Each structure stands twice: as structure tokens, then as C-alpha cells.
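Trainee: Please pick one part of this model and take me through it slowly, with its surroundings. I would like each term explained where it comes up.

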Amino acid sequence: MPKPLQRRRPQAPGDDARLDLTELTLRTVRNSHSDDVDGLGRRDAEPLGEEAAGRPVELARDRLQREREVEALERSLYERLGGIEAITAVARAFEDRAAKDDRINQKFARTNLDRLTKEFVDQLCQDTGGPCTYMGLNMRQAHTNMGVTSGEWDAFIEDLVATLNDFNVGKAEQDELLDNVRPMRAEIVEVDSPQVGTPLPSAFTPAPPL
Ligand code: HEM
């Protein structure tokens, strides 16, 4: 039974503040453009006045623009990305790209790929405000003893951005997604080095199949 859409789960200090900012912006956009002049939902309760009466087309255009702004702020990133099908397609394409990228592919040498895809999709879906519950390992557990370097982190993010570009994901959505994943760096990168293509250490224990 799908759960109702949820707002993004707070991931890091500052996330609540970001959420508040979005709400505040939403309210500001609404208030600054409100037609609800008497607070009872009556639109255009006052005459437009001489100046406004001379510009009906501009007023209509402004109103449409404002409605679009409010709509854009109200829809979750999950919805704007295109829902579960789009997110699954992006996750799969990203994994294909990462598998071909010699800068990071050795890290996946012993990974159960069915599990990885499912967990990656669930995480993306939940973190963008979708109706999923991520049940996988936390980011520190999942990447412990993997020996991920800062250079490999950058390569991973580069591959993610390239995939989002392939799917024509807009700049605003990309930025929002990247803001979401960047705080995970501290839990994933173990080696402060620009080196890439480092092997998977034998100490790494892959997660079991689901
Ligand atoms: C934004 C950054 C990242 C996110 C959101 C992310 C997310 C995830 C998730 C959700 C899992 C599955 C956890 C589970 O099985 O329960 C996972 C596993 C894995 N990640 Fe990441 N990851 C990130 C960065 C990286 C980087 C930089 C690398 C390597 C260069 C990497 C390599 C792997 C590998 C190899 C696995 C499979 C581990 C296993 O076999 O158990 N990840 N990651």
C-alpha cells in the first residue's frame, strides 16, 4: 500500500533550516501575489483601478507566472524528477556509467547489483520526498573499509551529473539533488587523496543479497 507523499527526511544539520526556507519562500510568493484581498478567498474583490485596467494581458501573464512559481515550490523533487519510473531509469543508467568508469568500478567488484539498484532507488525516492522507505545500510556502514578516496568521490559525483544531464534534468533539480547527497561525503570518503581507480580492499565485506 503506497504511503502518502512525504517531505524529504532531514539528513544533516541545516536541513530543517532549508525546509523552513522553502516554506517561507512559498508563503512569501503566495502573499506577495495574493488576490485573496479580503482573506475569504474572494478574488479580485476590488476594482482593478485605472492603471491596472489598461494592462489586462500583463496582469493575466503575471498571475500565470505566479501560479507556476507556487506550483514549482509545492511539488516535491521526487515529482519534478518524474516519479519512481524516472528515478529507477536514472539509477540504472548511473550504475551502467559507473560500471564503465575505471576511476570507480573496482569498488563494485563484489557487490550484489540487484540489491544495490533497489537500495539506491529507495534512497533516492525517499530523500527527494517520494513514497518510499529506505531500509538499507546507513552510508557509513555501506562504505566502511571500501577505501573510497576524495578523487573517487568526485568521479562518482561527475558520473551522477552526467547521467542527470543525459536525462535532461533541470539545473534547479540537479542542485537540489546534489545538496541532498553532498553531506554524505563525510560518511563515505575514507582516504583524503586525489587518486582514482584504487582497488577494493580485502577488508571490505559486501552487504548480503536481499
Ligand atoms: C552520493 C554518494 C553516494 C550515495 C548516495 C551512495 C549510496 C549507496 C547505497 C544506497 C548503497 C546500498 C547500501 C545497502 O546495500 O544497504 C551503496 C552501496 C555501495 N556504494 Fe555507494 N553511495 C555513494 C557514493 C559512493 C562512492 C563514491 C562509491 C565508490 C566510489 C560507492 C560505492 C558503493 C559500492 C561499491 C556499494 C556496494 C556495497 C556492497 O557491496 O555492499 N558509493 N551506496
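Mentor: What follows sets out the whole chain briefly and then looks closely at helix H6.

This is a predicted model, in which local features need pLDDT of at least 70 and side-chain atom pairs count only at pLDDT 80 or more, whereas totals for chains, interfaces and linings use all residues. Residues are numbered from 1 along each chain as its sequence is written.

The pLDDT, the predictor's confidence in each residue on a scale from 0 to 100, averages 83 over the chain, and 75% of the residues score at least 70. Residues 1-26 fall below 50, and beyond near neighbours in sequence this stretch has 26 contacts in the model; a contact here is a pair of residues whose C-beta atoms, placed from the backbone, lie within 7 Å. Residues 32-45 also stay under 50, with ten contacts beyond four places in sequence. Where pLDDT is low, the predicted coordinates should not be read in detail.

The chain has ten helices and zero strands, where helices (H or I, at least four residues) and strands (E, at least two) are DSSP runs numbered from the N terminus. Of its 210 residues, 13% count as buried. That word needs 20 or more other C-beta atoms within 10 Å of a residue's own, while 12 or fewer make it exposed and anything in between partly exposed, with C-beta atoms placed from the backbone.

Now to H6, which covers residues 113-127. Its 15 residues reach 21 Å from the first C-alpha to the last, close to the 21 Å expected at 1.5 Å a residue, the expected span being 1.5 Å times one less than the number of residues. After H6 comes Gly129, whose phi is positive, near 95°.

The buried residues of H6 are Val121, Gln123, Leu124 and Cys125, and what covers them includes H4 and H5. Val121, Leu124 and Cys125 are among the eleven residues of the largest nonpolar core, a set of buried Ala, Val, Leu, Ile, Met, Phe, Trp, Tyr and Cys residues joined through C-beta atoms within 7 Å. H4 (77-81), H5 (83-100) and H6 each supply at least two residues of this core, and H5 gives the most, with four. In soluble globular proteins, nonpolar side chains tend to be buried together.

Ala91 shows how H5 meets this part of the chain, for Ala91 is found in H5. Ala91 counts as buried because it has 21 C-beta neighbours inside 10 Å. Leaving out residues up to four places away in sequence, Ala91 touches Thr117, Phe120, Val121 and Leu124. The C-alpha atoms of Ala91 and Phe120 are separated by 6.9 Å, although these residues are 29 apart along the chain. Cys132, also in the core, touches Asp122, Cys125 and Gln126 under the same exclusion of residues up to four places away.

H6 also takes part in the shell around the ligand, which has 22 residues; a residue is near a molecule if its C-beta atom, placed from the backbone, lies within 6 Å of it. H6 gives the largest share, five residues, and helices H7 (139-143) and H8 (150-166) each give two or more. Among the closest to the ligand are Thr111 and Gly136.

Methods: Two residues are in contact if their C-beta atoms, placed from the backbone, lie within 7 Å.
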